[in-house]
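Reader: I've got a chain on my screen and would like to talk it through. Can we go step by step?

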Amino acid sequence: MLDPRSLYTLDDEVVATLAGAHPVLIHQLDGFVDAGGAGRQLTSHVLEHLDHEIVATFDHDQLHDYRSRRPAMTFDTNQWKSYADLHLRLYRVVDEQGEVFLLLSGPEPDVQWERFAAAVMGLIEQLGVRLTISAHGIPMAVPHTRPITLTAHATDPDLVTGYRSWIDRVEVPASFTGLLELRLGQVDRRAMGFAVHVPHYLAQATFPEAALSLTRSINAATGLAVPLEPLEKASASNLEDIAAEMQTSQEVQDLVATLEQQYDALQAEHQGVPSADDIAAEFEKFLAEREKKDED
């Protein structure tokens, strides 16, 4: 393996400010399943509402397959006007109470996963990260009219004590965030993740309630104070829009009613988790629909 440290450039002045901080690291990379744009909204929310600066910039040219995922360009009349640069960065962020944490965001690498994992794990060691957390959304046969649920997972079972297990053993397509958590567990580092359950009929839409659930869960698990109010307002508005659209479709109303009955029965019984085949089918459907959307 080539030296993982050559994948990134550090800002030494920013690194110096992290001495003794032992921050939490939140990582959310675009490219894998993120139903409802849950993880992407969380990242945008953090960068929009909290002070931040760049700790490390990764050389994404070494990690991206441009022919597979082509960045957008703008052509205007007779000239190329812009190019959507890709950025994979590690940020130092300060929450509402003044606590420092880290955020890794950008496109999921197409290649060199093990080298990139080694690079991130090296930074975790160097910067004294105390806990690493991933966040994204997964499609699930649940209604938007009931309290949102999520799946918590971790390298240490004690980190997810009190969280309900919704999913049995299942095999799904790999993700870098999943690989990173696995590799951290193999060296006894504390890592966990939250996969919020997004109604499958909203998986391709933006669903702020999912991002709000992720933010609340991360705050509760870490003691961070990531603001909630902007997401609460966005969620309330979005749910009103969904309710209005439902009134125009009896088919959607019937679907939601059926899901409500299933959800309520599941809550009453506290059993009957989705089967591995059901979860795998939802993943495959989501990925297929996203690939079709990208091609269009």
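Author: Sure, here is a run of questions and answers on this predicted model.

Reader: Let's start with the overall fold. How many helices and strands does the protein chain have?
Author: The protein chain is a mix of both kinds of element. Tallied up, its secondary structure comes to eight helices and 10 strands.

Reader: And what is the radius of gyration of the protein chain?
Author: For 296 residues the globule rule gives 19 Å, and the chain comes close to that, so it is as compact as a globular protein of that length. Along its principal axes, the C-alpha trace spans about 60 × 55 × 35 Å. The radius of gyration itself is 20 Å.

Reader: Among contacts between residues at least 6 apart in sequence, what share joins residues at least 24 apart?
Author: Contact here means heavy atoms within 4.5 Å. With residues at least 6 apart in sequence as the starting set, the share that joins residues at least 24 apart is 81%.

Reader: What about charge: how far apart do the centres of the positive and negative sets lie?
Author: The protein chain carries 22 positive and 47 negative side chains. Take the centre of each set, and the two lie 3 Å apart.

Reader: On to helix α3. How far apart are its end C-alpha atoms?
Author: Helix α3 covers residues 113–126, which makes 14 residues. At 1.5 Å a residue it should span 20 Å, and the model agrees with that. The end C-alpha atoms are 20 Å apart.

Reader: Which residue with a positive phi follows α3?
Author: Within the helix, R115, F116, A117, A119, V120, L123 and I124 are buried. After α3 comes a residue whose phi is positive, near 65 degrees, and that is G128.

Reader: Which elements do the buried residues of α4 pack against?
Author: Helix α4 runs over residues 176–186, and its buried residues are F176, T177, L179, L180, E181 and L184. These pack against β2, α3, β8, β9 and β10.

Reader: Is S134 buried or exposed?
Author: S134 sits in strand β8, residues 131–140. Leaving out residues up to four places away in sequence, S134 touches H27, H153, T177, E181, M192, G193 and F194. The cut-off for buried is under 20% relative accessible area. S134 has 4% relative accessibility, so it counts as buried.

Reader: Why does H22 count as partly exposed, and what is its phi?
Author: H22 is in the loop between α1 and β2. Its relative accessibility is 46%, which is why it counts as partly exposed. Most residues other than glycine have a negative phi. H22 is not a glycine, yet its phi is positive, about 50 degrees.

Reader: Where does T77 lie, and is it buried or exposed?
Author: T77 is another non-glycine residue with a positive phi, about 65 degrees. It lies in the loop between β4 and β5. Exposed means over 50% relative accessible area. At 70% relative accessibility, T77 therefore counts as exposed.

Reader: Last one: how far apart in space are V172 and I218?
Author: V172 is in the loop between β9 and α4, and with 33% relative accessibility it counts as partly exposed. In sequence, V172 and I218 are 46 residues apart. In space, C-alpha to C-alpha, the distance is 24 Å.

Methods. Residues are numbered from 1 along each chain as its sequence is written. This is a predicted model: local features need pLDDT of at least 70, side-chain atom pairs count only at pLDDT 80 or more; totals for chains, interfaces and linings use all residues. Side-chain values use heavy atoms; hydrogens and water are left out. Helices (H or I, at least four residues) and strands (E, at least two) are DSSP runs, numbered from the N terminus. The expected span of a helix is 1.5 Å times one less than its number of residues. Buried means under 20% relative accessible area, exposed over 50%, partly exposed in between (1.4 Å probe, protein chains only). The radius of gyration is taken over C-alpha atoms; the globule rule is 2.2 Å times the number of residues to the power 0.38. Lys and Arg count as positive and Asp and Glu as negative; His and the chain ends are not counted. The place of a charge is taken as NZ of Lys, CZ of Arg, CG of Asp or CD of Glu.
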